[in-house]
Amino acid sequence: MTRKNILVFRELPDDQLARLQAAHEVIVANPRVAAQRPAFDAALTTAHGLIGSSFPIDDALLARAPQLEVVSSVSVGVDNYALSALHARGITLCHTPGVLDETVADTVFALLMATSRRVVELATLVREGRWTQNVGEELFGFDVHGKTVGLLGFGRIGQAIARRAALGFGMPVLYHARRPVDFATQAPELQGRATHTPLDELLARSDIVVAMLPLSDSTRGMIDAKVFGAMKPGAIFINGGRGATVQEDALLAALDQGTLRAAGLDVFATEPLPAASPLRTHPRVTPLPHIGSATHETRHAMAELATTNLLRALAGEKPLAVFDTASA
Ligand code: DGY
C-alpha cells in the first residue's frame, strides 16, 4: 500500500503513533506550541491525513492542505472543523462517538454532586485551616437524591447521565430533544423514568438543569437570559456540552441575582478560560478545565478509535465513525 503523509496535531499515545508510523510517513507537530508551528505549517502542505483535537481546522487552514483526504478528530464534538469546506472538498471527517459516554457522564455527575454539596468550597475551608467548629446552616448543601434533573440534549451522553440520575439517585428525569426517544428500542431502562418535555416546562420544573448540547448555528448562545429567567428559583446549572451554547454574561447575572444557586462548568466559550473571566473565581461556580473525557482509559480508547478511523480511511476502507458533513 502507498505510504501517505499524516500530520498528528496533538499528542497521541505511543502505541497509536506506532500504528500510524508502521503504515505511513508521520509528522507530529502541535500548532498551539509556537516552536512547533513552522513544522505544522510545512507538513500541512503535503498531508493526506490529519489527526488530533482542540484546534480549529478552519477554511483558511484547509486551503493550505491541497492533498487532504481525511481529518480524524480525537473527540466526539466536531465544532472545531469547517464542515461546509470539508463537505465541498469531499474530505472525510471521522470522530469518536460512543467510547466516552460513561466517562463524560461521570464528570457531569461529579459537578452535579460538587455544586449541590459545596464540595470544593468546603474542602477549601478545611485546607485553609478554617474548620474550627461544626459547620452551621450557612454552609449546608442541598440533597441530590430525589431532585428533578432536566437535560438539554439527550444523546448517548445525556442518556448515560439520565441512568445515573434515575437508577442511582431516584431522580425524576425530564429531557428536551428534537424528538422523543423510543424507549422500546433504545435505553429501555429509562422507560417511565425519563420524560420528553417542552423547554419552558423543563426549566420551570427542574432543580438541576444539565446542558449537553453540541455547538452548531442553532445552539450557539441558546442558553440566554430568557432561559435562565425561566429556571426554577434556586436551580443549579451544569454545562458539560459546549461553552458557547451559553451566554456567559447572562449566566453571571443569573448567579448574581440569585436566580441560580450555583453552576458547575466543564466548558467555556473561550478555552482555556481567560484569566480575566469572572467565572474563574466566582464563589458559586465550580469550574473544570474541559476534562469530560479526560481519564487514562477513555482518552486511550478515543485515540485508538481515531487512529483506526484514519488508517481505514487512508486505505480506502470504511472508517468506524464518520461524521456526516452533509447534514451540518
Ligand atoms: C469531545 O470529545 O468532544 C469532548 O468534548 C472532548 O473532551
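User: What do the words buried, partly exposed and exposed stand for, and how does E102 rank?

Analyst: Buried means under 20% relative accessible area, exposed means over 50%, and partly exposed lies in between (1.4 Å probe, protein chains only). E102 has a relative accessible area of 37% and is partly exposed. The model is predicted: local features need pLDDT of at least 70, side-chain atom pairs count only at pLDDT 80 or more, and totals for chains, interfaces and linings use all residues. Residues are numbered from 1 along each chain as its sequence is written, and side-chain values use heavy atoms, with hydrogens and water left out.

User: Which residue forms a salt bridge with E102?

Analyst: A salt bridge is a side-chain nitrogen of Lys or Arg within 4 Å of a carboxyl oxygen of Asp or Glu. E102 meets R163 at 2.6 Å, N to O. R163 lies in helix α7 and E102 in helix α5 (residues 101-117), so the pair ties together parts 61 residues apart in sequence. Helices (H or I, at least four residues) and strands (E, at least two) are DSSP runs, numbered from the N terminus. R163, at 23% relative accessibility, is partly exposed.

User: How many salt bridges does the rule give?

Analyst: The count is 13. Another pair is K4 and E69, at 3.0 Å, N to O. K4 is buried at 19% relative accessibility, whereas E69 is partly exposed at 28%.

User: In what order do the strands of the open sheet lie?

Analyst: Two strands pair if DSSP finds at least two bridges between them. Here 7 strands, paired in parallel, follow the order β8-β7-β6-β9-β10-β11-β12. At the edges, β8 (194-196) and β12 (285-287) each pair on one side only.
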